[in-house]
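Dear colleague, please find below some brief comments on the model you sent. They are set out as numbered points.

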Amino acid sequence: MVPSDELSFHLSQSCCKIGWDSVMRMSVDLRDLFLYEAFLYYNPLLLMTMTVWLWGINLWFFSQASVNYAKIFDLDQNHLTHREIWKCATWMTIIVPTSMTAYLYLYSNGEVSLAASQPVLLYCAVAMILVFPFDIFYMSSRYYLLRTLWRILLPLQAISFSDFFLADILTSMAKVFSDLERSVCRMLHRQVATIAWFEADSVCGSHSIAIPLVLVLPYLFRFFQCLRQYKDTREKTTLLNALKYSTAVPVIFLSALKYHVFPDRWTNFYRPLWLLSSVLNSLYSFYWDVTRDWDLSGFTRIFKFSKPHLFSHMLYGRKWVYFWVIGSNLVLRCTWTYKLSAHLRHNYITVFTIAALEIFRRFQWIFFRVENEWIKMNAKSNLQLTTNDITNEEEKLLSSTEHNV
């Protein structure tokens with residue numbers, strides 16, 4: 001059963017009202033610190049919810065344009081359609097804000113232990129649903145996701161399109177995984193809804209070395225995938241792609257050094273290096289998006305729907321789409337550096353906004369990356385058909401010659 005749009009709206013409205021009243025009940029001194037903590041636990045799941053909604057939109061466009069995304073991603077016949085993706089997103093939109101509202105309400109009313117249990121229960125429920133071994137909750141799709149994640153962690157086999165496609169998406173969610181690690185750390189150390197984590201140098205504090213280590217993991221996964229591709233194909237472009245992902249490493253670790261070196265040393269030496277590495281990473285990534293990941297010769301072809309539609313009329317063959325996507329990709333590639341930098345993460349509203357914008361940038365990127373792969377697959381299929389036709393003609397000629405002889 002899927003909740004109706006009206007029910008979802010009323011639940012969201014109620015959550016907002018209860019949450020706001022609960023926050024306003026707190027003292028001004030406590031409010032900001034508490035909101036920062038609450039945001040830490042719930043913003044990863046809110047961003048994941050946004051990602052699922054946008055992925056459903058991607059699939060809807062693919063289906064309207066008759067793009068065989070099941071073939072591109074090597075999905076089985078039980079794969080989720082955009083409607084089923086949106087069902088999942090609807091439930092996530094209800095459950096995550098409801099848990100956050102319960103956390104705010106219980107804490108503001110003095111039920112600290114009950115409040116602390118809310119994010120813990122939610123995280124445990126998400127983990128259990130993902131690994132649930134019975135044929136419910138879209139088991140084939142859940143296990144497809146888990147198998148792909150396992151191949152990303154250990155690229156011991158040839159890299160498929162779905163492997164590096166998902167790994168690219170994970171790089172856009174580096175902040176999500178960093179906050180998940182911070183949240184789980186506090187849960188394991190019983191620091192939820194307490195002031196124990198206020199110490200920046202504590203094991204779960206904002207200066208922890210675990211933050212840059214988790215931030216860099218998606219880039220390392222993609223780096224090793226590129227090396228594996230070079231081993232299999234000997235294509236030098238895969239090494240250049242690996243170099244692109246390696247440029248994120250100095251951005252992350254130079255930023256983290258701010259909390260482990262003297263201020264003068266940071267200002268005069270490490271900060272200029274961080275700025276230089278940030279510019280290099282942003283421009284290299286932007287260049288790769290435009291020249292390698294996208295095929296500009298067939299740009300916006302993916303918006304050519306099989307039936308007349310307003311979106312197709314607005315987007316297909318329009319030059320403004322070309323300029324918007326390239327311009328916004330450049331800007332958001334540069335602002336994404338803010339997210340990777342630990343010393344710029346104190347304003348959680350700004351960081352959340354930039355993380356959401358990066359997910360939106362990746363949402364746009366998906367259209368043209370899938371379009372590029374679709375064009376390549378069609379060209380390959382046409383080439384095979386042409387080769388088969390030539391072979392058949394040669395066989396006919398040979399048989400005819402033998403007959404005449």
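**Comments on the predicted model**

1. The model is predicted. A suitable place to begin is Phe-165, which touches Trp-55, Phe-73, Trp-365, Ile-366 and Val-370, leaving aside residues up to four places away in sequence.

2. Phe-165 belongs to the largest nonpolar core, which has 62 residues. Phe-165 is listed among those with the most contacts inside this core, together with Phe-62, Val-67, Tyr-103, Phe-303, Phe-367 and Val-370. Helix H2, residues 28-64, gives the most to this core, contributing 13 residues.

3. A second core, separate from the one above, has 12 residues. Its members include Ala-174, Ile-211, Ala-242 and Trp-336.

4. An unreviewed UniProt entry lists residues 39-62, 88-108, 120-140, 152-174 and 194-221 under "transmembrane region". In the model, residues 39-62 are 100% helix and 0% strand, and the end C-alpha atoms of that span are 34 Å apart. Residues 120-140 are 67% helix and 0% strand, with their end C-alpha atoms 26 Å apart.

5. Is Arg-333 buried or exposed? The residue is placed in helix H14, residues 319-340. Its relative accessible area is 10%, and Arg-333 therefore counts as buried, the cut-off being under 20%.

6. What does Arg-333 touch? Leaving aside residues up to four places away in sequence, the contacts of Arg-333 are Ser-282, Ser-285, Phe-286, Asp-289, Arg-361 and Arg-362. Two arginines, Arg-361 and Arg-362, and the aspartate Asp-289 are thus among the residues that Arg-333 touches.

How values were computed: Residues numbered from 1 in each chain as written. Predicted model: local features only at pLDDT ≥ 70, side-chain atom pairs only at ≥ 80, totals over all residues. Heavy atoms only, no water. UniProt positions renumbered as here; feature names shortened; annotations may be inferred. Helix = DSSP H or I, 4+ residues; strand = E, 2+ residues; numbered from the N terminus. Core = buried A, V, L, I, M, F, W, Y, C linked by side-chain atoms within 4.5 Å. Buried < 20%, exposed > 50% of the residue type's maximum accessible area, 1.4 Å probe, protein only. Contact = heavy atoms within 4.5 Å.
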